[in-house]
Structures are given as structure tokens and as C-alpha cells.
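Let's take a walk through this structure together, one selection at a time. Keep your viewer open and follow along.

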Amino acid sequence: MTAFRMPSLGADMDKATLVEWLKQPGEAIKRGDIIAVVETVKGAIEIEAFEEGVLDRHAVTPGESVLVGTTLAFIRNENDEGTSTKAVVPPEDITPAINRKPETEKSGAIEMISSNASRTAHVVGERKVSPVARKRAAEAGVDIARISSGEDGIIGLAQVNAFIETGEAEQKERTLTQDAPPKTEKPSLNLDVMRKAIGDAMTKSKREVPHYYVASTINCTALKSWLEVQNAKRTVTERLLYVAPLIKAVARALKETPNLNGFFTEGAFHPSTRIHVGVAASLRGEGLIAPAIHDTDELGVDDCMKGLRDLVTRVRTGRIRGSELSNPTVTISILGEDTADSVTPVIYPPQVAIIGCGAIVQRPWVVAEGAVEPRQVMTVTVAADHRASDGRTAARFLRTLDKLLQAPEAL
Amino acid sequence: MSETRRITYRDAIREALSEALTKDERVFLMGEDVGRYGGAYACSKGLLEEFGEERIRDTPLSESGFTGAGIGAALAGMRPIIEVMTVNFSLLCLDQIVNNAATLRHMSGGQFSVPVVIRMATGAGRQLAAQHSHSLENWYAHVPGLRVLAPATVVDARGMLWSALECPDPVIIFEHAMLYNEEGDIASEGPWTADIDHAAVRRDGDDATLITYGGSLPKTLAAANSLAEDGISCDVIDLRSLRPLDRERIVASVVKTHRAVIVDEGWKTGSLAGEVSAQITESAFFDLDAPVERVCTAEAPIPYAQHLELAALPSEEKIVAAVRKALRI
């Protein structure tokens, strides 16, 4: 019997609310099956199984808000057939949800996702809350999970009172309880909460990550012409956006500069052999999300486009898979047409680089003969973590990217 | 405002004995060396001359014998006061106290009362080593049928004896040996009865509750004073009655301060501090901001060597450290 636990879907997530079960007790489960939908600050996320088995029973009911690492359900594996029905519930599972200590080593889900996730779960699991702190928070309508613990890792009365006194708490709770749409509707995003989540992640990034920035303006005329030719032959639904070859080119360039792809965790850089490019997408209204296109470097441009289209649709309707959110190894932020010339982005920890692409715009360009001609150009800025790489790495990445974009047909 | 006068804890006990002997002719004092010697701690000095051999009775060195005699006298309508030199020696009369004094009302269906008062010294601090220095108050506080008192102030020492004599059940009074020389103010004129049902709040504060009794009260108050200099204010509760415990007052204070530190000269394992801690957990769990702290005596027979004896006992420094721990500072 394995515990299926609430995965961490990013460094800024420590809890989520179960929205619905998509697998019922008795149903067979394959790796990758969507088991449940949970709501996080990033919206409704589908969470997947990472192992085979039969769903034995649910441990959490829809509507419950639980910490990362909490057991959501039990999955019966082949090797415990026969003894399955009298599965023993680990003792910590009868303790209040907030104190459950995730058993990282036993959790298939947590093992599979990126190292930042297990780190988050670890920290969350160690939080201790004093009884009166819990009571005070409940009286004030404050969610304990949002309170920072003291230096000793404990949330006491002092921490709760400090949180309440800042007034911050009150304001946030009001947004949650009064401005939130009625429960009967589909789970939707709370933008204030998301803004806070983005703020927390970016504050952490700017506080902890020594950023450096390297930028180049790349001639995209060849790319645009190639796209025109390609799209002339295609039906509307099959048409390519320049984003697809761009993401592919970024993935290939990253393969040659591995120090931009991976995670900085526990005081060290851990390069990733796989490349999952997270594509920053803005949501309706406001808010940002950067789900991954898995193994981007191995996909063709068409597959990239398909993946992108699928992601964008699901982001906008609020259905993203947990693994897509939790494990991008690098992020690309594309401003899109008719926006601005360049963007200097902020790294999403524990990733070590983010690539910011300005709009493709027509600008004067010095061509080989020394003449100046109009060209379609794009300014690409790499923000990278100095603990993992130096400016040279990013410059090499930009040179490679430039070269790749001059021959889009070869991507 | 009434006048006060300053006397020692020992004087207070002697005055209380004298008053009781004067007020009620059924009262008599019995124990080892209480007469000619004037009491092991000089509490009955001069009483033999004043009240005579009939009422101030020196006994053989047999705690079981004279305590049993006292219990018998109480059954027969007298109001005996038995003095046992130290709680260590009281183990020799534990059978009389636990099997007879504490049980007879219940076993006789309420037909018999045992209105005996047994006084004994307790506690360490005078280099009297392991056989004269222990704090076994909780052995008695464990037993239904007894009332157990621990006067920690001169006023309580003066008043509790008469209140104990008025109680129809056996009452054990623990006098901490280190308190006899403590001075305090009492009202110049009586009546000097004391409340033997409730704990007393000796100091008001908001940050933590210090719960103690008997000989540990002065150390606890000193710790509270020193913490106050750092802006930490403590409620100091003097239990006064160890059986029954004033659960209500303990809980009310902990609900206010959210942190509790219990100071008890008994050994921690199986201590009265453990019982107080359990009551707090039962009644105020959801108001706690930190685990209950206990400052008790090291789990060893009290050593003879002075530095070791001091190291074994609760101290102002240990109490301060425990409060800081509870406050996470």
C-alpha cells in the first residue's frame, strides 16, 4: 500500500484544496492517470499518479484544504494484494492535517517531482503550531498555513498575533471569504492570492538569487519568412506561431549550455539532464503561470506547437497537471506581438535561468554590405543565477540561439 | 489600616501552637523532642513550661507508635498535633497515616472522624544529606482522605494550624526547613486563620504562570523579580493546599498567560509538578503556547556536599531559564 500525497507544485505552494476525485476506490490506476483535481493559488491543477495499482480509498474529501505531503489516498500495489483491505494507516495520518509530516522517502509522488518540491514539503512538515496559536488563528479566521514560524520553526501565539497585527491577514481573509464567488461555480482563481504567491516567489528570488543579465538582439527575418511559407500550406488550426520554433530553439541551445537548465537547491546547483521549458503565460485578468512542455528538446516544432496550444487552452480554463507546474527546468517569458522591445525577467526559484523575449519588431539593421535595411528583430535577455553560471554561459547560449533561429527549417 | 508586626516563620508556628493550646483544651502536641528540647526546629520552645507535660508530650523514637496514638486520640475526640521531625522519618508512620487516618471516615461509613494534625519538616538546603532532606509531599498528596497543606509564608504558617485543627479530617502540614528563619509581617491582632482551600496569587503577570509551593516560593518570587527587570511579567501561584489542588486558579492563570512553569522540590518523575502539569493539559491544553516546563530536583538522593546539594535543587537561575524556554526567548 502506498500513500498518494499532495505534491508540491512549486516552491511557493504549501497547501491546496481538493476539488474532486477523478478516480474512485477500486479503480485501476496507471502511471500518469489523473487522480484528482486540486485548487491552488495557481488555479485548478490535475494531479497524476506516479505508479500502478488500484485505488484503495480516499483519505481526504473534496473541499478539504491540506498541506503538501498530506496523504490524499491509498494506492494498493500488486505486491500487497490479499492483505490490502486491512491496510494500516500510518499513525501520523490521524493527526490534524496541518501537522502531518510528509514521508518523502515513501512518497512516490514527491520522489518523482523536482527536488524543490520535496524541500518545500520538508519545511512544511516541520512546522509546529502551539495549541493557543491554532485557537487564536481560528478565532481571527486566519489560515495557519500562511503564517511564518519563528526562528525555532514553531508557530506560537507571538507569530499569529504579529500576523494579525500587520492587518495583512484580515485583508486577505476578506478577499477569500467575501469576494470569492459562490462555491457551486467551477473553482476559479483568486487573483489577490495569486498576486501574493507571485510576489512571494519573486521576493525570494530577488532576495536570494544573485541575478546577472545578458542580452542580444537577434535577427528573426528568416524565422518570420519560414513561418509565412509554412503557414501558407497549413489549415488555420495547424498554423504555427513563432513561439513554437522559438521554444524549440531555446531548448536546443540549452542542451549546449547545461548550466542554465536545472535547479539550485540545498546550497548547490543540480543540472537537469531533461529539458522542460516552462512557458510563462498570462491568465485572464491578471496573474502568471509557467507550466512546462516536457522534454522540449526532443519534440518537433509541430509537437511544440501542439503542446503549447494544449497548455494555453488548459491554462485559460484552469486545468493544468501537477507535473507541468512542478518541474519546469527553465522558464521562457515571451512578451508577444505589439508589446515591448525587451524584458528583463526574474528567475523563478529554484530554477537558475529565465529567458525573456521582447516582441519581434521591425528595426533598422546593418546588413553585410554595410547598408542599413529594415529587419524583423527580437531582443532576448537571459537572467541567470550567478551561483550556477557566468555571463559567458549566457552569451554562448544567445549565440547558439541566434544561429539556430537563422535556420528554422533545421529545428 | 491595622498594625503589623514582623516575626519569623518559626515564631509564627510557635504562636499558632500556643494559641491553639490556649483556645481548645482538647489540643495537645506530641512528638520527638517537642518538650524539653523545644522541638527539632525549636518551634515548641517554651511550650512545655507554659502548658505542662500533659499537653506537650515527648515521645519515644517511634513514629508509628506516637502517630498511631495521635490518630487514636483524635478518634476519641481529642485534637492532637503530631510533630514528625522530617518527612523522611514519616515513612515509618506512613502505614498509620495512609491505612488508618486517611481511611477510617470512608471505612466507617462516615461514623468516625480523624481530626488529627500532623506537622512535619521537609526539604533540603541545610546539608543534612539524603535521609533528612527529601521532599515527599506528593506521597501524601496522592492519598484521598488526607488534606495536605504547605504554608510558604509567615502569614500562612501563623494561620493554617488553627484552620487545620478545625478540619474534621486528618491534615498534614509541611513546613520547609529553609523557611523557619524567613521573616514576614503579620497582623498585630487576630484572628489569624488562613484559607486552606485555595491557592494564592503571590505576584501578577501576563507572560507566564509560575506554580510552586512551600520552600520553593522564595526562589520562584526571586526569579519573577529578576525576569521583571527584563520586562517579563509572571503570575506566581502558591498552591498552599497540595491536596486538593486548586485547579480552577491554576487554569485561570494559564489561560491568561498561555505558558506554565512548575517549580517543585520533589524529584521530577512522579512529582506533584507532574500532576499539576497533567491538570493544565487536561483543562487548558488549547490555551497553551508552549509545553509545560518543570523545574524539579535532580533525580538523585539529596547530596551532602553543599555545592552538589545546591546543584541538585531548583534555583532562581533554573527557574528563569525555564521561563525563557517557555517564552522561546
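Begin by selecting Arg5(A) and Thr71(A): Arg5(A) stands opposite Thr71(A), which belongs to strand S8 of chain A. Before going further, please keep in mind that this is a predicted model.

**Stop 1: the sheet around S1(A)**

Now widen the selection to both strands. S1(A) and S8(A) run antiparallel and are joined by four bridges. Which residues of S1(A) are buried on one side, and which on the other? Color the strand by burial and you will find Thr2(A) and Phe4(A) on one side, with Ala3(A) and Arg5(A) on the other; all of them are buried, and both faces of S1(A) are covered.

Next, bring in the rest of the sheet. It is an open sheet of four strands in chain A, with the order S1-S8-S6-S3 and antiparallel pairing. Which strands stand at the edges? They are S1 (2-5) and S3 (28-29) of chain A; each has a single partner strand, so one side of each is left without a neighbour in the sheet.

Move one strand inward from that pair to residues 53-58, strand S6 of chain A. S6(A) is joined by four bridges to S8(A), residues 71-76, and the two run antiparallel. To see one of these pairings, pick Val54(A): its bridge partner in S8(A) is Arg76(A). If you like to display backbone hydrogen bonds, this is a good place to do so. Strands of a sheet pair through such bonds, either parallel or antiparallel.

**Stop 2: two helices crossing in chain A**

Select residues 243-256 and 391-406 of chain A, which are helices H8 and H11. Their axes come within 9 Å and cross at roughly 135 degrees. That angle makes H8(A) oblique to H11(A). The crossing is right-handed.

Which residues meet here? From H8(A), show Ala249(A), Val250(A), Arg252(A), Ala253(A), Leu254(A) and Glu256(A); from H11(A), show Phe397(A), Thr400(A), Leu401(A), Leu404(A) and Leu405(A). Sorted by class, this contact has eight nonpolar residues, one polar and two charged.

**Stop 3: where the chains touch**

Show both chains and look at the contact between them. Here 10 residues of chain A are in contact with eight residues of chain B. On the chain A side, helix H3 (residues 131-140) gives the most, with four residues. The chain A residues that touch chain B divide into five nonpolar, three polar and two charged.

**Stop 4: an overview of chain B**

Hide chain A for now. Chain B has 329 residues, and buried residues make up 52% of them. Its secondary structure comes to 12 helices and 14 strands. A contact map is worth a look as well: among contacts in chain B between residues at least 6 apart in sequence, 79% join residues at least 24 apart.

**Stop 5: the seven-stranded sheet**

Select the open sheet of chain B with the strand order S3-S2-S4-S5-S7-S6-S12; it has seven strands and mixed pairing. At its edges are S3 (56-58) and S12 (241-243) of chain B, each pairing on one side only. From one strand to the next, the twist averages 20 degrees.

Within the sheet, pick S5 (residues 117-122) and S7 (residues 171-176) of chain B. Six bridges join these two strands, which run parallel. As one position to label, Ala121(B) stands opposite Glu175(B) in S7(B).

**Stop 6: H1 and H7 of chain B**

Add helix H1 (residues 9-23) of chain B together with H7(B). The two axes come within 8 Å and cross at roughly 25 degrees. H1(B) and H7(B) are therefore roughly parallel to each other, and the crossing is right-handed.

To display the contact, show Tyr9(B), Ala12(B), Ile13(B), Glu15(B), Ala16(B), Leu17(B), Glu19(B) and Ala20(B) in H1(B), which meet Val154(B), Ala157(B), Arg158(B), Leu161(B), Trp162(B) and Leu165(B) in H7(B). By class, there are 11 nonpolar, no polar and three charged residues.

**Last stop: Ala164(B)**

Stay on H7, residues 154-166 of chain B, and select Ala164(B), which lies in this helix. Is Ala164(B) buried or exposed? It counts as buried, because it has 28 C-beta neighbours inside 10 Å. Leaving aside residues up to four places away in sequence, Ala164(B) touches Val117(B), Leu149(B), Val171(B), Ile173(B) and Ile196(B). To finish, check the distance to Ile196(B): the two residues are 32 apart along the chain, and their C-alpha atoms are separated by 7.6 Å.

Key. Residues are numbered from 1 along each chain as its sequence is written. Chains are lettered from A and ligands numbered from 1 in the order in which they are written. This is a predicted model: local features need pLDDT of at least 70, side-chain atom pairs count only at pLDDT 80 or more; totals for chains, interfaces and linings use all residues. Two residues are in contact if their C-beta atoms, placed from the backbone, lie within 7 Å. Ala, Val, Leu, Ile, Met, Phe, Trp, Tyr, Cys and Pro count as nonpolar, Asp, Glu, Lys and Arg as charged, and the others, Gly among them, as polar. A residue is buried if 20 or more other C-beta atoms lie within 10 Å of its own, exposed if 12 or fewer, and partly exposed in between; C-beta atoms are placed from the backbone. Two strands pair if DSSP finds at least two bridges between them. Axes are lines fitted to C-alpha atoms, for helices over the stretch in contact, and angles run from 0 to 180 degrees between N-to-C directions. Angles under 35 degrees count as roughly parallel, over 145 as roughly antiparallel, 65 to 115 as roughly perpendicular and the rest as oblique. A crossing is left-handed if the near helix is turned anticlockwise from the far one by less than a right angle, and right-handed if clockwise.
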